[in-house]
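Here's a quick tour for anyone meeting this chain for the very first time. Have a look at the picture, then read on.

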Amino acid sequence: MGKATSNPRPEAEAKSKSSVTVVKDVCAEPVSMLIGFLQRMGINSDSVPDICKTKDFYSHLIHHIIKPDQVLRGRITCLLTVNPALSNIYGNFHGGAVAAVAEKVSYACARTVVAEDKDIFLGELSISYLSSAPVNTQ
């Protein structure tokens, strides 16, 4: 067996042209590629509202569309309304948003059987996309 190698990591925090901070344990090259892509799309760090830069921001978007219908031990039923903020370019519920909702409901369901003082880890989530829900539907 060969010796495991790791990607080179920058030692100190670095700043890119768009004033994005790169932390020590993240490779600078993929971050640079991402920043370049976003800039080509017309997005720079100054055009993103501060509220969108908070930790776990997407949760705020997801929580507003989920309404619990029934909560039982090990089972949760929810109603969901598709809004434009979570739609794709075709005006349908974005697949990533579907996965985010599934993750949040999975954690909530696990909490109905696991005590608050215990950590929860979602080891695997499998989703089959058959068709998409249009905006403003439940």
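## The short version

The chain holds 3 helices and 4 strands; here helices (H or I, at least four residues) and strands (E, at least two) are DSSP runs, numbered from the N terminus. Starting at the N terminus, the order is β-β-α-α-β-β-α. Keep in mind that this is a predicted model, where local features need pLDDT of at least 70, side-chain atom pairs count only at pLDDT 80 or more, and totals for chains, interfaces and linings use all residues. Residues are numbered from 1 along each chain as its sequence is written, and side-chain values use heavy atoms, with hydrogens and water left out.

**The chain as a whole**

- Of the 138 residues in the chain, 14% are buried; buried means under 20% relative accessible area, exposed means over 50%, and partly exposed is in between (1.4 Å probe, protein chains only).
- About 10800 Å² of the chain is exposed, and carbon and sulfur atoms supply 57% of that. Such areas come from the Shrake-Rupley method with a 1.4 Å probe, and for residues only the protein chains shown count as cover.
- Take the contacts in the chain with a separation of 6 or more: 48% of them are between residues 24 or more positions apart. A contact means heavy atoms within 4.5 Å.

**Helix 1 and what follows**

- Helix 1 has 13 residues and spans 18 Å from its first C-alpha to its last, close to the 18 Å expected at 1.5 Å a residue. That expected span is 1.5 Å times one less than the number of residues in the helix.
- Which residues in helix 1 are buried? They are Val31, Ile35 and Gly36. They sit on the same side of helix 1 because they cover an arc of only 135 degrees around the axis, the arc being that of the directions from the helix axis to the C-beta atoms.
- An α-helix has 3.6 residues a turn, so residues three or four places apart point the same way.
- Turned away from the buried side of helix 1 is a face that carries the exposed residues Glu29, Met33 and Arg40.
- Leu38 belongs to helix 1 (residues 28-40), and its 30% relative accessibility is why Leu38 counts as partly exposed.
- Leu38 also joins Leu34, Phe37, Met41 and Ile43 in a nonpolar patch on the surface, with about 440 Å² of accessible area together. Patches are made of residues with over 30% relative accessible area and no salt bridge, where like charges are joined within 9 Å and nonpolar side chains (Val, Leu, Ile, Met, Phe, Trp, Tyr) within 5 Å. A salt bridge is a side-chain nitrogen of Lys or Arg within 4 Å of a carboxyl oxygen of Asp or Glu.
- Gly42, just after helix 1, takes a positive phi of about 90 degrees.

**Helix 3**

- With 17 residues, helix 3 reaches 25 Å from its first C-alpha to its last, close to the 24 Å expected at 1.5 Å a residue.
- Ala97, Ala100, Val101 and Cys109 are buried in helix 3. They cover an arc of only 170 degrees around the axis, so they lie on the same side of helix 3.
- Ala100 has 11% relative accessibility, so it counts as buried. The C-alpha atoms of Ala100 and Ser59 are 41 residues apart along the chain and separated by 8.1 Å.
- Val105, another resident of helix 3, is at 21% relative accessibility and therefore counts as partly exposed.
- What does Val105 touch, not counting residues up to four places away in sequence? Val105 touches Ile66, Ile76 and Cys78.
- Val105 and Arg75 are 30 residues apart in sequence and 9.6 Å apart in space, C-alpha to C-alpha.

**Around helix 3**

- Tyr90 lies in the loop between strand 4 (75-80) and helix 3 (95-111). Its 66% relative accessibility is why Tyr90 counts as exposed.
- Tyr90 and Val135 are 45 residues apart in sequence, and 9.5 Å apart in space, C-alpha to C-alpha.
- Asn136 is in the segment after helix 3, and its 61% relative accessibility is why Asn136 counts as exposed.
- Asn136 is not a glycine, yet it has a positive phi of about 65 degrees.
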